[in-house]
Amino acid sequence: MNNHVSVLEISKNALEHNLQYFKNKLHQKTKTLAVVKAFGYGSDANKVAYFLKDKINYFAVAYAHEGISLRKAKISTPVLVLHPQIQNLDEIISNQLEPSIYNLKILNTFIKLAEEKEIEAYPIHLKFNTGLNRLGFSKVNIPKIMEIICNSKYVKIKSVLSHLAASEDNNERQFTLNQIQNFKEIITQVYDYIEYTPMAHILNTSGVINYPEAQFDMVRIGIGLYGFGNNKKETSQLKNTHILKSIISQIHIVKKGETVGYNRTFKASKDTTIASIPIGHGDGLSRRLGNGNGHITIQNQIAPIVGNVCMDMIMVDITGIECNEEDPVFIFKTQKDILTISSISETSSYEILTLTSQRIKRSLI
Ligand SMILES: *Cc1c(COP(=O)(O)O)cnc(C)c1O
């Protein structure tokens, strides 16, 4: 039982709103896959997936153990494992997870395993590289892949997928359109070998926003579910899902000339009221937010972080803010707060969302 007072609240209402926002952009028959990798973008994958399971068609995780965790949480929705690894294929099968197969070695190993287990038509997904150059078969592999699959009764292609490299970047529009065109040629070639028609999917969140014409049979929504589109306008239509809260542990009056925190980096230029908050870099709060760079909100007012961020605590300047020990504080509450923290930390909302460490309790509200 985690009784830590700092808590990451995940808003069900916001998740549902965001999912609906993307569904409204899609054809009615297009399926939705919710990406819940990395603890559901730093939230709580099991709780989020349990909440979404009847509202979507598929889940995706990056690694097998993330999928196993969903199964342990009694989620029976199909789960795509984006990055299966040879040593996990056995557990992928025993947990009825569906691998995204990206090279011949994994394909052959998987088929051998399915054969040993006497499993027929196990659903697999074929991942093609169309320009991201991360994971995936190349188009020239198609005859070989299809020869292997057509000669095996142990697996069946459930979908063919690829991933866009710069769907959020309108300067890369031509590159993205080429990826989509390339993907169309790949699926046409794959479909030529078989009697059935697997699903095709290539779009992530910003793909749905910028290239809805390429939605094919399914789309994979990650960051959008958690409140971020690829621009201000889209983000303003979404609701924030991650709210990081804590409380004031102690209030000190620091006299002019005194210092606060390790290495004494904050020196009071006047009498200053300081609150200590039980959250620090051990909870995922970047040290870059220290020394006045970042702030939290207390009673809707800004309280700058003073001195260095400690492992378990921060100190904030609450001079002039009407508040007491034990009062609630927000590290972030809105998308704007998260974007401010990402900009100070010179990173993206993706990283800030996933950063909150597992020491922080999660609660679905
Ligand atoms: C993470 C991931 C997604 C989701 O991307 P978002 O930009 O968060 O929507 C989709 N597809 C693949 C292959 C991914 O790795």
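Colleague: What makes the Arg-220 side chain and a nitrogen atom of the ligand a polar contact?

Modeller: A polar side-chain atom of Arg-220 lies 2.8 Å from that nitrogen. A polar contact is a pair of N or O atoms within 3.5 Å; within protein, one must be able to donate a hydrogen and the other to accept it, and residues adjacent in sequence count only if both atoms are side-chain atoms. The pair therefore qualifies. The protein also covers 94% of the 390 Å² of accessible area that the ligand has on its own (Shrake-Rupley method, 1.4 Å probe). This is a predicted model: local features need pLDDT of at least 70, side-chain atom pairs count only at pLDDT 80 or more, and totals for chains, interfaces and linings use all residues. Residues are numbered from 1 along each chain as its sequence is written, and side-chain values use heavy atoms, without hydrogens and water.

Colleague: Which distance puts a polar side-chain atom of Thr-205 in contact with an oxygen atom of the ligand?

Modeller: That distance is 2.5 Å. For Arg-134, a side-chain N or O atom is 3.2 Å from a ligand oxygen. Both therefore pass the cut-off for a polar contact.

Colleague: Why is Gln-335 called buried?

Modeller: Because its relative accessible area is 13%, and buried means under 20%, exposed over 50%, partly exposed in between (1.4 Å probe, protein chains only).

Colleague: What does the side chain of Gln-335 reach?

Modeller: The backbone oxygen of Thr-235, at 3.1 Å. Gln-335 itself is in helix H11, residues 335–344 (helices are DSSP runs of H or I, at least four residues, numbered from the N terminus).

Key: Helix = DSSP H or I, 4+ residues; strand = E, 2+ residues; numbered from the N terminus.
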